[in-house]
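Visitor: I would like a close look at the inside of this protein. Please take one part and describe what surrounds it.

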Amino acid sequence: MKPKSSQPNSAPSQRQLRVGEELRHVLSDVMLRTEFHDPVLAREHITVSEVRMSPDLKHALVFATVLGHKDIAPLLPALKRVAPFLRAQIAPRLGLRVTPELKFVADEAMEQATRINEILHKPEVARDLGAESGESED
């Protein structure tokens, strides 16, 4: 029988969550204090919203956004270029035997929340929600 952590649909372990959160803090601090020599990243304020670790802690999926609700897609190639530099910066602060490889992806949670909020505030939806609550009160 295989251990639970190797099953593809299992929830992340407590260690994965703890290391992911620590990596998020360290990455945020490094990105805040570091001057990037990449002209694309030099003027941007990037926020790391979540880090998901692989079960073996060798890979980290970093969800990032740009302050000001700008699209981060054009910055992803630049983040990929500076990932080895960031990895070298976080290695001594993280204290792991192996420093995880960083893969940056766009965090779309805020856009999804905004879309859902807009849908819920449409007059048609408000009317339907009002009708449903009126039926349940009878």
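Guide: What follows starts with the whole chain, goes on to the core, and then turns to a few single residues. The model is a predicted one, and the values below are computed from it.

The protein contains five helices and three strands. Along the sequence they come in the pattern α-α-β-β-α-β-α-α. The protein has 138 residues, and 30% of them count as buried. Contacts can also be sorted by how far apart the partners lie in sequence. Among contacts with a separation of 6 or more, 64% are between residues 24 or more positions apart.

Now the core. The largest nonpolar core has 28 residues, and the members that touch the most others are Leu23, Leu27, Leu86 and Leu102. At least two residues of this core come from each of helix H1 (14-33), strand E1 (46-53), strand E2 (59-66), helix H3 (76-94) and strand E3 (101-106). Helix H3 contributes the most, with seven residues.

Take Leu102 from that list. Apart from its neighbours within four places in sequence, Leu102 is in contact with Leu23, Leu27, Ala60, Val62, Ala83, Leu86, Arg87 and Ile90. Leu23, Leu27 and Leu86 were named above as core members with the most contacts to other members.

Val62, one of the contacts of Leu102, deserves its own paragraph. Val62 belongs to strand E2. Its relative accessibility is 0%, so Val62 counts as buried. Leaving out residues up to four places away in sequence, Val62 touches Leu27, Val48, Glu50, Val51, Leu102, Lys103, Phe104 and Val105. Ser49 can be placed by a distance: its C-alpha atom is 7.9 Å from that of Val62, and the two residues are 13 apart along the chain.

Next comes a buried residue with a polar side chain that makes contacts of its own. Gln16 sits in helix H1. It counts as buried because its relative accessibility is 9%, and the cut-off for buried is under 20%. A polar atom of the Gln16 side chain lies 2.8 Å from the backbone nitrogen of Ser13. A polar atom of that side chain is also found 3.5 Å from the backbone oxygen of Ser54. Not counting residues up to four places away in sequence, Gln16 touches Met53, Ser54, Pro55 and Leu57.

Leu57, one of those partners, lies in the loop between E1 and E2. With a relative accessibility of 10%, Leu57 counts as buried. Its backbone has a feature to note: phi is near 65°, a positive value in a residue other than glycine.

For contrast, turn to the surface. The protein exposes about 9900 Å², and carbon and sulfur atoms supply 54% of that area. Ile116, Leu120 and Leu129 make a nonpolar surface patch of about 280 Å². Leu120 lies in helix H4, which covers residues 109-120. Leu120 counts as partly exposed because its relative accessibility is 44%.

To go back over the close look: Val62 in strand E2 touches Leu102, while Gln16 in helix H1 touches Leu57, a residue of the loop between E1 and E2.

Conventions: Residues are numbered from 1 along each chain as its sequence is written. This is a predicted model: local features need pLDDT of at least 70, side-chain atom pairs count only at pLDDT 80 or more; totals for chains, interfaces and linings use all residues. Side-chain values use heavy atoms; hydrogens and water are left out. Patches are made of residues with over 30% relative accessible area and no salt bridge: like charges are joined within 9 Å, nonpolar side chains (Val, Leu, Ile, Met, Phe, Trp, Tyr) within 5 Å. Accessible areas come from the Shrake-Rupley method with a 1.4 Å probe; for residues, only the protein chains shown count as cover. A salt bridge is a side-chain nitrogen of Lys or Arg within 4 Å of a carboxyl oxygen of Asp or Glu. Helices (H or I, at least four residues) and strands (E, at least two) are DSSP runs, numbered from the N terminus. Buried means under 20% relative accessible area, exposed over 50%, partly exposed in between (1.4 Å probe, protein chains only). A nonpolar core is a set of buried Ala, Val, Leu, Ile, Met, Phe, Trp, Tyr and Cys residues joined through side-chain atoms within 4.5 Å. Contact means heavy atoms within 4.5 Å. A polar contact is a pair of N or O atoms within 3.5 Å; within protein, one must be able to donate a hydrogen and the other to accept it, and residues adjacent in sequence count only if both atoms are side-chain atoms.
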